[in-house]
There are 2 protein chains.
Amino acid sequence: MKKVRLGVIGIGNMGSEHCRNLTGGKCPETELTAVADIRPERRDWAWKTLPDTVKIYDTGSSLIRDHACDAVLIAVPHYSHEPLAVEALKSGLHVLCEKPIAVEAAAAGRMIRAAKESGRTLALMFNQRTNCLYRKIRQIMESGELGAVKRMNWIVTDWYRTQQYYDSGSWRATWAGEGGGVLLNQCPHQLDLLIWLCGMPVQVQAHCHNGKWHHIEVEDDVTAYLEFSNGSTGTFITSTGDLPGTNRLEIDCEYGKLVCEDGEIRCKRLPESERDICFRSDDPWFRCDVREEIFPTDGENPQHIGVMNAFTAHLLRGEPLIADAEDGLRALQLSNAIHYSGWTGETVCVPVTEDLFHQELEKRKAGSRRKETGDVTYESDHTGTGTRK
Amino acid sequence: MKKVRLGVIGIGNMGSEHCRNLTGGKCPETELTAVADIRPERRDWAWKTLPDTVKIYDTGSSLIRDHACDAVLIAVPHYSHEPLAVEALKSGLHVLCEKPIAVEAAAAGRMIRAAKESGRTLALMFNQRTNCLYRKIRQIMESGELGAVKRMNWIVTDWYRTQQYYDSGSWRATWAGEGGGVLLNQCPHQLDLLIWLCGMPVQVQAHCHNGKWHHIEVEDDVTAYLEFSNGSTGTFITSTGDLPGTNRLEIDCEYGKLVCEDGEIRCKRLPESERDICFRSDDPWFRCDVREEIFPTDGENPQHIGVMNAFTAHLLRGEPLIADAEDGLRALQLSNAIHYSGWTGETVCVPVTEDLFHQELEKRKAGSRRKETGDVTYESDHTGTGTRK
């Protein structure tokens, strides 16, 4: 069987987990052939842990130039996604990029152009799309059986992090090192899923609180109000300071309401459209005691492995990706809009003008303080979103 | 036993329900001695339905002037609360006023002054305060066992109304006739409870949609973002167009999280303060699998009867009211602030300047269209909030 030779650039928390998946036999069509990290201690880890067949490089560029792989998985801090992805694409490699695709939508646009010009694939690690719960909701929304969305509320406050987390990396939770907080680090998944399930908001009014719960300079608490093109509205509430948090997605539609919480999708379906009931019923206080259904799922939740295997199958046989670069761009456009609205206090259209966003971010980067703390790599489960099956 | 002689002004939907409670023996210390309604058909209903001992008047003023009662319950459209309450108080009667206390906080202020000058009692019909669920939450919040509030989210979209509801009264859902929509008609209860349980917000940013789900000129869909004096934040989401709706109140505190939904209060308590965990734990992704407790309640939910009996006990023996005029004012100040923010798009402080609110409301009243529909009185259950026990 033909295999895709994969290089992993950045073998910190996420990258080392990817390596373990690859060498653990979970991706039969992918062969880990190369890793790169600028930190000697991470290269030491690779020497000690990975098979002899894996080449080890001290920079992503040297890995890319050596062409010991057909594709790279980029798992470095966000600001480095663009230069490494563009370099890899230009040198003929396919790219699977960790989320977020970049810090600024403008950078994501440049990455997409590089992919188009090179004819290579640029895919995104939106592993939460593989969760059976979200796949099931996507299927329901796509089927049209619940009709148009009227309202969505997502409270996703189960991204709890202690101060220790923020102290574990000098780049973490700084404008210069990471470009944002909970929106860029934890929430790209939910922002992508929100768009995947409910469509792209056209307008945002957000309240972002910087360092509200931690000693950090970026946002760790966000409440955003959203408006969609069909007039439906939504809220998106997130934080890394709530314990125990909530992960509850509610989507109210013409033909019923769906709630995803605690690993279950519960749905109440109406016998007819609410819009018809509203204008045809002669009962001013119409109620219907509809039975709550639990939507069954297939129980599969392959996460990162699912994304990697789909990426490989795409390269080998043209099968569909889990998420492509355009998906990454859209999630980042929404993230940028929430940031920009929070920074300026304005209600903004999505996407925000790239130059204006850049100017505002640059102001914050200019005042950013590099932290004294060293970089710690953890070998624990840190994917941490509550709605699991 | 001494009884309070009560007159009910306005015997439409709510007033007639109050009469049924009073004549049905549920308020042993209150005697219904008078009713008033400007509509002949409602006076006909009173002739046919109420005991001979109940005097019937064609206006609230004539009822007040005749002094056949010690106190009045005012259950007329909101704009008439102020003139009738002030007239009753000045003539020496005590007043129990239906919610909202008034349309403008300035009017509520005048009512409170009239009560003070007359030395009479002005109480509010906030019957949801008698619900065992909210009483229990109040007790928990007051006890301090969960510590300071960090975040609250209330999705209260189970106020469903069909177009028929809005067509049933010419005053309904008009700026000139009612002064607002879901905020003034359905939500005074939840706005009062929000303040009662979590404190008064100091700042509001709201999105109010007028006639979004119905052919009406006032708001039937509201999303409000709230900030409290201790820095905690909240959302309040309501609508009369969601079916089946949601009534879910979540309060996240230093020592745990409380969720009230489906007639239950569920709580997850932390072994120590989250604030201590955040800064003392060396686990970057601290989790604690705390058991969910169901908080028991006493199961009692006396609603309007509870408020009426407390009102009478207050007049007879000085026992505490369920809610007084200041509570009514605070709930209206929050309501006015949400309206004002929604109208202007501004983030506003609570309370908003009364003159500015008045000017904005007058603009809307000037453009208000009186509806052609007649007035229908229903004899059905219409108190309709979902979180019941």
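How many residue pairs are in polar contact between chain B and chain A? In this predicted model, the count is 35 residue pairs, both members being at pLDDT 80 or more. The elements of chain B that give two or more residues to the side touching chain A are strand 7, helix 7 (163-167), strand 8 (201-210), strand 9 (219-228), strand 10, strand 11, strand 12 and helix 10 (274-280).

The interface was also described by contacts and by area. On the side of chain B, 65 residues are in contact with 64 residues of chain A. The area buried between chain B and chain A is about 5400 Å², and 55% of it lies on carbon and sulfur atoms. Of the area that chain B buries against chain A, 15% is supplied by Arg151(B), Leu243(B) and Trp285(B), more than by any other three residues. Six salt bridges were found across the interface of chain B and chain A. One of the salt bridges joins Arg151(B) to Asp221(A), with the closest N and O atoms 2.6 Å apart.

The relation between the chains was examined by superposition. Chain B is superposed on chain A by a rotation of 180° with 0.0 Å of shift along the axis, at an RMSD of 0.0 Å. The two copies are thus related as by a two-fold rotation axis. Because 98% of the interface residues of chain B are also interface residues in chain A, the copies meet through the same surface.

Strand 7 (residues 149-156) of chain B, one of the elements at the interface, pairs with two other strands of that list. With strand 11 (residues 247-253) of chain B the pairing is antiparallel over seven bridges, and Asn153(B) stands opposite Glu250(B) there. With strand 10 (residues 233-239) of chain B the pairing is parallel over six bridges, and Met152(B) stands opposite Gly234(B). Eight of the eight residues of strand 7 of chain B are buried, so this strand is largely enclosed by the rest of the structure.

Strand 12 (residues 256-261) of chain B, also listed at the interface, runs antiparallel to strand 13 (residues 264-269) of chain B and is joined to it by six bridges. Gly256(B) has Arg269(B) as its bridge partner in strand 13. Strands 12 and 13 of chain B form a hairpin with two residues between them, and Asp262(B) in the turn has a positive phi of about 55°. Strand 13 of chain B further pairs with strand 14 (residues 292-294) of chain B in the antiparallel sense over three bridges. In this pairing, Lys268(B) stands opposite Glu292(B) of strand 14.

How values were computed
Residues are numbered from 1 along each chain as its sequence is written. Chains are lettered from A and ligands numbered from 1 in the order in which they are written. This is a predicted model: local features need pLDDT of at least 70, side-chain atom pairs count only at pLDDT 80 or more; totals for chains, interfaces and linings use all residues. Side-chain values use heavy atoms; hydrogens and water are left out. Two strands pair if DSSP finds at least two bridges between them. Helices (H or I, at least four residues) and strands (E, at least two) are DSSP runs, numbered from the N terminus. Buried means under 20% relative accessible area, exposed over 50%, partly exposed in between (1.4 Å probe, protein chains only). Copies are superposed by least squares on the C-alpha atoms of residues with pLDDT of at least 70 in both. Contact means heavy atoms within 4.5 Å. Buried area is the accessible area (1.4 Å probe) that two parts lose on being put together, summed over both. A salt bridge is a side-chain nitrogen of Lys or Arg within 4 Å of a carboxyl oxygen of Asp or Glu. A polar contact is a pair of N or O atoms within 3.5 Å; within protein, one must be able to donate a hydrogen and the other to accept it, and residues adjacent in sequence count only if both atoms are side-chain atoms.
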